[in-house]
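Visitor: I am new to this structure. Please take me through a close look at how its helices pack, and then at the loops around them.

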Amino acid sequence: METRLALVIVVDGLRASALGTYGNTTFPTPNFDSLASRAVVAEWLLADSPELSDYYRAVWRGLDCAENPQEETEDCLPKILQKSQVRSWLLTDDPCVANQAEKEGFAEVVLFESPVAVSASKIEETHTALFFGQALEQLNHWQKEVAENREHGIFWIHLQGLTGPWDAPLEMRTRLLDEEDPTPLPLMEPPAQLQIGDDPDELLSYQVGYAAQVELLDSCIAGFIDSFEALKPAALRITMLTGSRGFALGEHGFIGHCVAELYSEQLHLPWLLLVGGNEIPLPRVGGFAHPADLRATLLDWFGSENRASFSAESLLQFLSGEAGELRQLALARNSAGQRMIRTPAWMLQASLGEGAEKLFVKPDDRWEVNDVASRCTEIVEQLRQLLTECLNCNENCINLRVIELPEELVSPQR
């Protein structure tokens, strides 16, 4: 059997709306967009929680945040792949992710540490550029191990990204401003959860700081993926590029990567799936993807059995070029007890108390600005009941794909 390799790049804090392929027109992301032009693009990868640990619980164990079964070690992604002669390596600059990966059974975990960050004078000096330089060295080293041992391999790259140091050259921020805009603050540390006041200049400084970091990432990512696809010897290769959680930029009064409110800026993540050597356009996949689908796709790629209790789906089915859709339903929750349920036509936020729901029209209300719960009480009740039914299935597999939604939850008459 020909050697199979997979490269998974996870960028913390990278929200889908930051990329041109997901509708961003504020600043350019040409390399991301070029990759998307030859990738399967999941339109709606929705995290089921704004917590990083929950994201990896779904991706590595196949469990969504509503499930609480016994988490047996052999169900971890690296352990399952090992039984199919697939070795797994991980490089990250996040100590928490490194610690979690070691517990999950990766064959080798490398923690990247760079000097104390300062604003760089050129791109090559930034944390992101240095990280990908180290990642390229690791790729070459791991590829040699694959060739020597005649194994398959998965290379996992987790970058703090937008939750790490904002050290892009300051000129990258000023290029994003109009002539009448004030000079942006030289912010180096992204906020975790900052409530925004009435100062529009402060908000602008954070927004252009975030945008400059995305542009920096854009300048580094494509060359790294090209290097992976060109590694010798020849092998069948796939690459996944995604985020682990989003980043609030003031849409609902807060800025930061630890904002717990269940809005799209925190939950909607990009997901591109590329096959090495492919240059033809591939379909955009509608419906709602789940982080556990990354796991299912990797298991499918390596021919391993998917034993997760969550009904995850593989995106390999769309590599043939045929269009298709995933689920029509998505769920999320946070540690404060807030729940979210999303259908093609609606998004409901529900708290533990009665009468605390917020309802938003989808896809029209992209940023969840207009709460229409008081005007659509029947829809609120339908979604509340549906959410309760899903939560009552905690002990079983919640197969969101087979749940049939009434027409008014899919495409209502407005």
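Guide: What follows starts with the helix pairs and then moves to loops and single residues. Keep in mind that this is a predicted model.

Two packed helices are described by the angle between their axes and the distance between the axes. Start with helix H2, residues 52-61. Its partner here is helix H9, residues 292-301. The two pack at an angle of about 25°. Their axes are 6 Å apart. Angles under 35 degrees count as roughly parallel, and H2 and H9 are therefore roughly parallel to each other. H2 passes H9 in a right-handed crossing. Which residues of H2 and H9 meet? From H2 come Tyr55, Ala58, Val59, Trp60 and Arg61. From H9 come Ala292, Leu294 and Arg295. By class, the contact of H2 with H9 holds 6 nonpolar and 2 charged residues, and no polar ones.

H2 also packs with helix H4, residues 95-104. The angle between H2 and H4 is about 30°, and their axes are 12 Å apart. That makes H2 roughly parallel to H4. The crossing of H2 and H4 is right-handed. On the H2 side, the contact is made by Leu52, Ser53, Tyr56, Arg57, Trp60 and Arg61. On the H4 side, Val97, Gln100, Ala101 and Glu104 take part. This contact of H2 with H4 has 5 nonpolar, 2 polar and 3 charged residues. Look at Trp60 and Arg61 in H2: they are among the residues that meet H9, and they also belong to the contact with H4.

Now go to another pair, H5 and H7. Helix H5 covers residues 127-149, and helix H7 covers 200-229. H5 and H7 pack at an angle of about 15°, with their axes 10 Å apart. H5 and H7 are therefore roughly parallel to each other. Their crossing is right-handed. H5 brings Thr128, Ala129, Phe132, Ala135, Leu136 and Leu139 to the contact. H7 brings Gln213, Leu216, Leu217, Cys220, Ile221, Phe224, Ser227 and Phe228. How do the residues of the contact of H5 with H7 divide? There are 11 nonpolar and 3 polar residues, and no charged ones.

Stay with H5 for one residue. Leu130 is found in this helix. Is Leu130 buried or exposed? Leu130 is partly exposed, with a relative accessible area of 36%. Set aside its neighbours within four places in sequence, and Leu130 is in contact with Phe112, Glu124 and Glu125. Val146 is 16 residues from Leu130 along the chain. The C-alpha atoms of Leu130 and Val146 are separated by 24 Å.

Next, the loops. Most residues other than glycine have a negative phi, and most peptide bonds are trans. Here are some exceptions. Arg150 lies in the loop between H5 and strand E5 (152-159). Its phi is near 55°, a positive value in a residue other than glycine. Arg150 counts as exposed, at 77% relative accessibility. Gln85 is not a glycine either, and has a positive phi of about 60°. Gln85 sits in the loop between helix H3 (77-82) and strand E3 (86-92).

Two prolines follow. Pro233 lies in the loop between H7 and strand E7 (236-243). The peptide bond from Lys232 to Pro233 is cis, with omega near 0°. Pro363 is found in the loop between strand E16 (358-361) and helix H10 (377-391). The bond from Lys362 to Pro363 is also cis, and omega there is near 0°.

One more loop residue is Glu313. It is found between H9 and strand E13 (330-333). Glu313 counts as buried, at 13% relative accessibility. Glu313 and Asn334 are 21 residues apart in sequence. In space, they are 24 Å apart, C-alpha to C-alpha.

Last, the cysteines. How many disulfides does a search of the whole structure find? The search finds 0 disulfides. Cys258 is in no disulfide, and the nearest cysteine sulfur, that of Cys96, is 11 Å away. A disulfide needs a pair of cysteine sulfur atoms within 2.5 Å. Cys258 is partly exposed, with a relative accessible area of 36%.

Methods. Residues numbered from 1 in each chain as written. Predicted model: local features only at pLDDT ≥ 70, side-chain atom pairs only at ≥ 80, totals over all residues. Heavy atoms only, no water. Axes fitted to C-alpha atoms, helices over the stretch in contact; angles between N-to-C directions. Helix = DSSP H or I, 4+ residues; strand = E, 2+ residues; numbered from the N terminus. Parallel < 35°, antiparallel > 145°, perpendicular 65-115°, else oblique. Left-handed = near helix turned anticlockwise from the far one by under 90°. Contact = heavy atoms within 4.5 Å. Nonpolar A, V, L, I, M, F, W, Y, C, P; charged D, E, K, R; others polar. Buried < 20%, exposed > 50% of the residue type's maximum accessible area, 1.4 Å probe, protein only.
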